[in-house]
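Open the structure in your viewer and keep the selection tool at hand. The stops below go from one sheet to another, with a look at the whole chain at the end.

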Amino acid sequence: MTIHQSQTNDNDDKVPVPNINNISIRYKILLVCALTLAAVGLVTFSVNLRGMEDAADQKLLATAQAFFQQIVITRRWVAQHGGVYVVKSPGVETNPYLLEIPDLVVDITDAQGQTYTLRNPALVTRELSEIAEQDGIFQFHITSLNLLNPNNAPDAFETEALQAFETGADEVWRYEGAGSGRRLRYMAPLYVEKSCLRCHGDQGYSVGQVRGGISVTVPALASPASTYLIQIGIWTLGTLIVLGILYWALNIIIIRPIERLRLATEAIAAGNYENSLPPASNDEIGDLAQAYERMRSQVRQYTRSLEEMVAQRTADLSQSEEKYRSLVEQSGEAIVLVDNQGLIVEWNQQAVQTFGRSREAALGQQLSEIMLQMMPGERRAAAARQQLESQLSEFFRTQQAPWLNKRVEIAVERPDGTPGVLQAMVFPIQSKSGFMAGSILRDITEQKAAETAVQAAEQRFRTLFNEAPVMYVVTKNQAGVPFVANCNRLFLDTLGYRREEVVGRPLADFYAPESQDALLAGGGYDRALTGQFDTEGRKLLTRDGRVIETLLQAAPETDPAGNLFGTRAMFVDVTKQVKAEEALRDSNIYLEKVLAELKETQAQMVQQERLAAVGQLAAGIAHDFNNLMATVILYSELMMYGSNLTPADQERVATIRQQGERAANLTQQILDFSRKSIMKRQTLDLRPFLKEMTKLLGRTLPENIRLSLDSQADEYIVHADPTRFQQVIINLVINARDAMPTGGQLRLALARVQVNEVGGGKRPLPTLEPGSWIQITVADTGTGIPPDSLPHIFEPFFTTKLPQGSGLGLSQVYGIVKQHNGEINVTTQIGQGTTFTIYLPALTTPQSTTKDSQWSQLTQGRGETILVAEDDTNLRQALIDTLQALSYHVLSAANGQEAINICRQHSSTISLIITDLVMPEMGGTTLLKTVREINPVIKSIIITGYPTKSLNIELQSAGTVGWLQKPLNMEQLSQMVANALQ
């Protein structure tokens, strides 16, 4: 109360400072209204003034735009007329830039001798701008970024505008200057028109391009000052009138009722609760009066309740003091209170045990004296006592000390004589009787011993952690990501980082990219957040980019509530073990691969040997069958070329010949399978070849089969027989068609395949030699091949399409592919389709091609003698009859030895020998070599049922002029014989 009175007296000497809180509410309302009206008036006036200025600016912009259009129209008129001729005079000279334009008459002279010079649109525009500049109202300037005349150089605004036109702007304008010097700068582009090209066509312009632009400068006229004064006067008068009306209304409606309410409130403040204030209206003021009445009633009730509460509180305080006494006595800590002289006024039971002094002996004693008696001997010296008393004296005088409200540890000798440590905290207490100090002391001797043991254990752990022979990392989870909180020295040394470069970063930053991907893909973070840790492999990435193979073992770190907040991770370097395991695994994989390839190769070799055996048998059958068909075909042709047959007989004989040729085609298929046929190879690009075949097959296949060819824009060149290979594709397509009775997709595809050396990766087929191959794929979406049929599909006469199929289609495909030094493979799935894949050696260098001779007609002989050597009796007789029908004299022999004997007897008359390649006792090659010794000029022809690959070599060694394949026809025989006898 004294302090409050002192402050009041101090304030009485101060000069009052005006404060808005001291102003009457009516003046506050009047001030608010005045400020509001002034602000509204100012804003409205500013908006109106700004509107006037904007209207003036828009008018000025429209004036500039209109002036620009007038200039453009004038310039266009001049351009459309090719320019304007004006009288040439001093100051009106010839435009030198026009003299550079070819075929342009710049100066002309009329009949009276008057000279005129041409003014082009740009010059007219510039001279007009000079006139406008002299008048001083409007200014304009023509300019361009590509200047011809330096007078048209752009200024900064014009350069900026021209650059904007290049990006598509239609016009550019802005205001420059201020006050009386304010002006509008406006510029729009000039576009190239057709009439402009006469002078500027050689500059690379085209109609519609931006040629340059014209800038217009218009001064802005300032509004007169009287206009602003009138506006200000009108708004000021209106503001005062509205302000007066507002004040009159507010005084009646608000100010007077509030004044009555203020007087009633002051009565309550004076303790008069009986002064009522009936509401005079139903508005907010009336509501405030009703609230006042409710407040008056409640304050009266609260006053009575407060008196009762004070009485109850006094009783409760007495009870609380008893509770406080009980709490202090039962506390587990020593509680000591001292007055402002340092004398003990409170000493609980725990203090008795801590200090070994009873409450009665302690009360009224100096606490500092008791504390000094408990300190070790060296701290009881006079200097220590003086320092302690000085600090306590300062504390009690200023209530400030560096150890105030802090826990301080004090070394003491406990009552039993053992050394100990007390933890003390001193705090000030304000009471009615004045300042006091409280102190709470606790014996922490055992706690300190435990802490020392913990510190020693932590030091041992820290040493073990840093010197551990494994990489150890402790992480803390943040937003589900483990960040490195600590790591040992081996982790830092292994990765090549400093500790400050590691701590605080995500642990995954030090993983190799593949381990990071595996961590995310395998849900490692999610499992770790639930405390699921497995022993896993992790690849760590060192600073210099090396990858360290490690084995990760992790354990969770949880708080007392069991919540996981981090991990303890241990990385064991297993790089050497992993490399050894990888080498062993690679070796096992390679061995398994080689073993699989060997098994596959063995199975294919067994298959090929079986097919070769079947092919050899088929070739023998084809040889005998060819002899039979040759006899049938030759005799049928002899009968057809005879003249003693009726038309019906000729038709029957033609049927015999046709069926014989069909049988010969079947024989050819057998020879193709057995690889006994001769290929007529040439350089063949499979891409255009298959394109043409696709077109042909697309017209013949059913509409419900979709045929496609897939290939890159490349060359797929092989050395192949086009006719034979066409037969391969047709046979495969026919099989695919039959496998898709309800339609489907048939896909042909070409691709390049590079087979590496042994160990360079898995080959498409084990039998493929290293090198470049062309892969041809024929894939359908048909019924597929049954598993029990798949091993036999390439065998001759095996078919699943009885009674229609002959069983020779795929065997012919197999034989032709093998004759081309290729490989064929098939994959199938029931109900999904079948894919045939053919591999042919890719041709890197073009090879010469051999054109087939075309047999066109029968050629008659002139009685020349021909020796026929053939072991088959029927075929020999058919050859004799055919040659005789062709006007040749024929000798015959059943074998080679018989032919040599005949040749010795008739060597001077025999012109040609026709011999079978394979005969008993002596074959055709040996026969011809022997004949050449008898008569070197005798020519020879060989006929064979299945030509071998070495046939051409044998023909050259025997000196033959050619060969014919059985079954031959009459036309082939006549042409070959005629060519040999030329």
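Two strands count as paired if DSSP finds at least two bridges between them. The model you are looking at is predicted.

**First stop: a five-stranded sheet**

Select residues 471-478, which are strand S13. Then add residues 481-487, which are strand S14. S13 and S14 run antiparallel and are joined by six bridges. To see one pair of partners, pick Lys 476 and look across to S14, where its bridge partner is Phe 483.

Now widen the view to the rest of the sheet. In what order do its strands lie? The order is S14-S13-S17-S16-S15, and the pairing is antiparallel in this open sheet of five strands. Select residues 536-541 to find strand S15, which is an edge strand, as is S14. Each of these two pairs on one side only. Look along the sheet to see the twist, which averages 40° from one strand to the next.

Strands of a sheet pair through backbone hydrogen bonds, either parallel or antiparallel.

**Second stop: a three-stranded sheet**

Move to residues 84-87, strand S1, and residues 107-109, strand S2. They belong to an open sheet of three strands with the order S1-S3-S2 and antiparallel pairing. S1 and S2 are the edge strands, each pairing on one side only. From one strand to the next, the twist here averages 35°.

Add residues 115-119, which are strand S3. S3 pairs with S2 in the antiparallel sense over three bridges. Click on Asp 107 and find the residue opposite, Thr 117 in S3.

**Third stop: a patch on the surface**

Switch on the surface and select Tyr 85, Val 105 and Ile 108. Together they form a nonpolar patch with about 230 Å² of accessible area. Val 105 sits in the loop between S1 and S2. Is Val 105 buried, partly exposed or exposed? Its relative accessible area is 46%, and partly exposed covers values between 20% and 50%, so Val 105 is partly exposed.

**Last stop: the whole chain**

Zoom out and colour by secondary structure. The protein chain has 26 helices and 29 strands. Of its 982 residues, 37% are buried. The chain exposes about 56100 Å², and carbon and sulfur atoms supply 55% of that area. Among contacts between residues at least 6 apart in sequence, 60% join residues at least 24 apart.

Conventions:
Residues are numbered from 1 along each chain as its sequence is written. This is a predicted model: local features need pLDDT of at least 70, side-chain atom pairs count only at pLDDT 80 or more; totals for chains, interfaces and linings use all residues. Side-chain values use heavy atoms; hydrogens and water are left out. Helices (H or I, at least four residues) and strands (E, at least two) are DSSP runs, numbered from the N terminus. Axes are lines fitted to C-alpha atoms, for helices over the stretch in contact, and angles run from 0 to 180 degrees between N-to-C directions. Buried means under 20% relative accessible area, exposed over 50%, partly exposed in between (1.4 Å probe, protein chains only). Contact means heavy atoms within 4.5 Å. Accessible areas come from the Shrake-Rupley method with a 1.4 Å probe; for residues, only the protein chains shown count as cover. Patches are made of residues with over 30% relative accessible area and no salt bridge: like charges are joined within 9 Å, nonpolar side chains (Val, Leu, Ile, Met, Phe, Trp, Tyr) within 5 Å. A salt bridge is a side-chain nitrogen of Lys or Arg within 4 Å of a carboxyl oxygen of Asp or Glu.
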